[in-house]
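Visitor: I would like a close look at one part of this model. Please start from the aromatic rings and work outward to the packing around them.

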Amino acid sequence: MGRQIGVFIVWLAVALCAAQQGGFGGSGFGGGQGGFGGGGAGQGQGGGGMQGPDGNDGASQRTLPYLSQRETTSILTPGEYVEWELDLKQGQVVIAEARSEAFDPALEIVEGDKVLIDNDDRYSGDQRPLLLWSCPKDGKYLLRIRSFRGRAGGQVFSRHVVLNCQDLSFGSNRLTPPEGDSFLFRVALKQGDFVQPRMSTGFGRWIPIRSVRITTGGLPYADLVPGLAPAVPGALCAPVDGFYYFYIEGGFGSGPVDISLEKLVAEPITKVPSESVRKAGIGAVWSMDLKKGDFIEFDSREARFNGGVYFSEAPDFTKFDPKSNPFAPKPAAEKVRFMEMALRGSGRSCVGILAHEDTKLWIANPGSMPNAPRLLIRPASIALSGNRAEGRMNIDHYQWWSFDANPGDVVKLTATVSGFASEIKVQGPDLLQIGERTTFKETDRAEMVFVARHGGRHLIAVSCKGHGGTGSYSIDREVIPPQALEFTSKVSGTLNPGDVKVFKFTMQPGPTKLLKFRGSAQYQIAGASGQAQGLVYFPVGGNHYHHGVFSSPVSYLIVIQGSGSYDLSFVDPP
């Protein structure tokens with residue numbers, strides 16, 4: 001590399017806690033114990049905060065990375081100010097915060113007799129002011145702390161920092177980093193802009209700049225699409241219009257540096273199957289509208305550069321109000337809208353997405369010169385052909401198949417596996433798992449019999465668990481029709497392994513009849529349309545009885561399987 005960059009990497013979990021829990025931290029800026037509290041001298045508010053250890057110098061409190069110096073302790077006389085004179089250059093940025101247990105503090109920047117900017121209570125859940133201001137011209141200014149109401153006073157703690165800052169525009173920027181190890185890049189964004197800053201390493205290669213991202217109000221950026229971070233590290237998606245900052249702590253070395261600000265545009269995927277190839281050298285982002293039940297495969301294996309595919313739900317910008325605190329979204333109940341499913345590949349090169357709810361998805365793939373990200377989009381499951389599926393498996397691979405069933409269908413699935421141990425799972429149209437079977441030997445078979453409770457597409461997953469390596473398999477599906485079982489009927493027989501018998505009977509209003517089962521075979525009872533059975537069960541000796549009281553006829557299925565005998569009849573109550 002022509003230049004070395006030492007970057008102070010700060011994980012943004014702190015910012016996420018701020019947006020979700022009403023304060024920073026838990027062990028630092030409050031969070032679980034209230035708005036401030038935590039490990040410092042502040043009193044939590046909005047969360048029943050507790051007084052921390054003494055720490056009046058602030059040394060025990062965690063800080064924002066760009067407000068990392070020790071706190072200054074001052075005494076405010078009621079009706080007066082605590083102030084600092086700042087000799088600033090155009091474009092320099094002032095960031096300051098204050099707190100007090102004696103009064104509600106306010107921060108402001110003053111030029112002469114004119115207040116240029118005052119603060120808002122930026123920290124969610126308490127009255128701490130946080131000020132971020134960009135100096136418009138060279139000059140002397142005052143940074144003041146006052147009582148918000150102007151009539152109180154007492155002890156107050158504060159921090160402030162002056163940072164050099166340079167504006168970034170889209171595309172390539174030739175910049176000379178200012179003196180000092182800590183500085184800012186600033187960019188003006190519109191709501192929904194998704195950008196990634198990168199630095200040239202020479203030789204035509206670029207690397208993402210990993211920096212602390214700062215929102216317009218001065219708080220760390222709470223990532224709107226965290227799932228995409230591995231593909232587009234350091235990127236920022238703007239929740240509202242305004243200026244956003246990238247804070248750097250480290251040295252670029254002497255002389256100018258080339259920084260590129262790339263706008264990441266989510267290209268819509270409108271059809272399945274399809275293929276998309278994006279610009280080489282930067283991360284590619286796509287968007288796709290999914291309906292509940294959609295099962296889509298995203299495959300980047302055929303790209304020369306394979307960095308995997310990553311997913312996040314698209315941001316909902318209606319949650320952000322620029323007139324209040326635009327960086328704490330409106331609270332919403334947590335809801336799983338999609339699930340990642342393993343597919344015909346290892347790692348993240350081929351991933352399936354199963355939609356549990358209607359959702360808009362963002363998909364990302366890393367880029368690297370000179371190769372272009374390439375994404376194949378296709379259905380993740382293959383429909384059974386003639387009620388049979390055949391395939392080959394490698395270790396840690398999954399293959400998915402689908403079939404349609406009607407409510408009340410009695411479905412028998414038989415999996416025959418050769419060369420590996422497997423796991424077979426079945427999922428219903430309601431996206432809930434119906435059952436699973438495991439084969440442990442290199443040559444084995446597994447069976448599953450179930451009554452379909454919902455009509456529509458069912459999914460079968462076949463996976464190679466690793467024992468035995470590579471092999472082949474087949475899946476056979478059979479819908480077993482029921483035989484009629486009348487009140488006057490009495491049926492019996494013996495089943496061999498793998499045999500299944502299905503009988504349909506209807507319980508009538510009037511005098512109670514008991515369904516009697518005796519035998520060593522396994523059985524289950526379900527409603528004829530797939531619903532729960534609703535019959536009362538009780539055993540007597542080796543006999544099994546089922547009964548109910550009905551105001552209208554209700555039909556049921558009894559499914560008998562396995563090796564053993566069975567004897568079915570209807571009897572009167574004793």
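Which residues do ring pairs link into a cluster?

Guide: This is a predicted model. The cluster consists of Phe 487, Phe 505, Phe 550, Tyr 556 and Phe 570, joined through ring pairs. The total for the model is 13 aromatic pairs. One of them is formed by Trp 133 and Tyr 141. Its geometry is edge-to-face, with 65° between the planes and 5.2 Å centre to centre. Both partners can be checked for burial. The cut-off is under 20% relative accessible area. Trp 133 has 9% relative accessibility, so Trp 133 counts as buried. Tyr 141 has 2%, so Tyr 141 counts as buried too.

Rings also meet charges here. Tyr 81 has the charged end of Arg 144 over its ring, 4.0 Å from the centre. Phe 170 has Lys 263 over its face, at 4.6 Å from the ring centre.

Lys 263 leads on to another aromatic residue, Phe 194, since the two are in contact. Beyond its neighbours within four places in sequence, Phe 194 touches a long run of partners. Among them are Val 225, Leu 228, Val 232, Ala 235, Leu 236 and Cys 237. Glu 262, Leu 264, Val 285 and Trp 362 are also on the list.

Phe 194 belongs to the largest nonpolar core, which has 35 residues. Together with Phe 185 and Leu 228, Phe 194 ranks among the residues with the most contacts inside that core. Several strands each supply at least two of the core residues. They are strand 10 (182–189), strand 11 (194–202), strand 14 (236–237), strand 15 (242–249), strand 16 (257–263) and strand 24 (359–365). Strand 10 gives the largest share, four residues. Apart from this core lies another one, of 21 residues. Trp 401, Ala 415, Phe 420 and Val 426 are among its members. As a general rule, nonpolar side chains in soluble globular proteins tend to be buried together.

Now step back to the whole chain. The protein chain has 43 strands and one helix. Of its 574 residues, 50% count as buried. Take the contacts between residues at least 6 apart in sequence: 73% of them join residues at least 24 apart. The exposed area of the protein chain is about 26200 Å², and carbon and sulfur atoms supply 49% of it.

Notes: Residues numbered from 1 in each chain as written. Predicted model: local features only at pLDDT ≥ 70, side-chain atom pairs only at ≥ 80, totals over all residues. Heavy atoms only, no water. Phe/Tyr/Trp six-rings, centres within 6.5 Å; stacked < 30°, edge-to-face > 60°. Buried < 20%, exposed > 50% of the residue type's maximum accessible area, 1.4 Å probe, protein only. Lys NZ or Arg CZ within 6 Å of the ring centre and 35° of its normal. Core = buried A, V, L, I, M, F, W, Y, C linked by side-chain atoms within 4.5 Å. Contact = heavy atoms within 4.5 Å. Areas by Shrake-Rupley, 256 points an atom, 1.4 Å probe, with all protein chains shown as cover.
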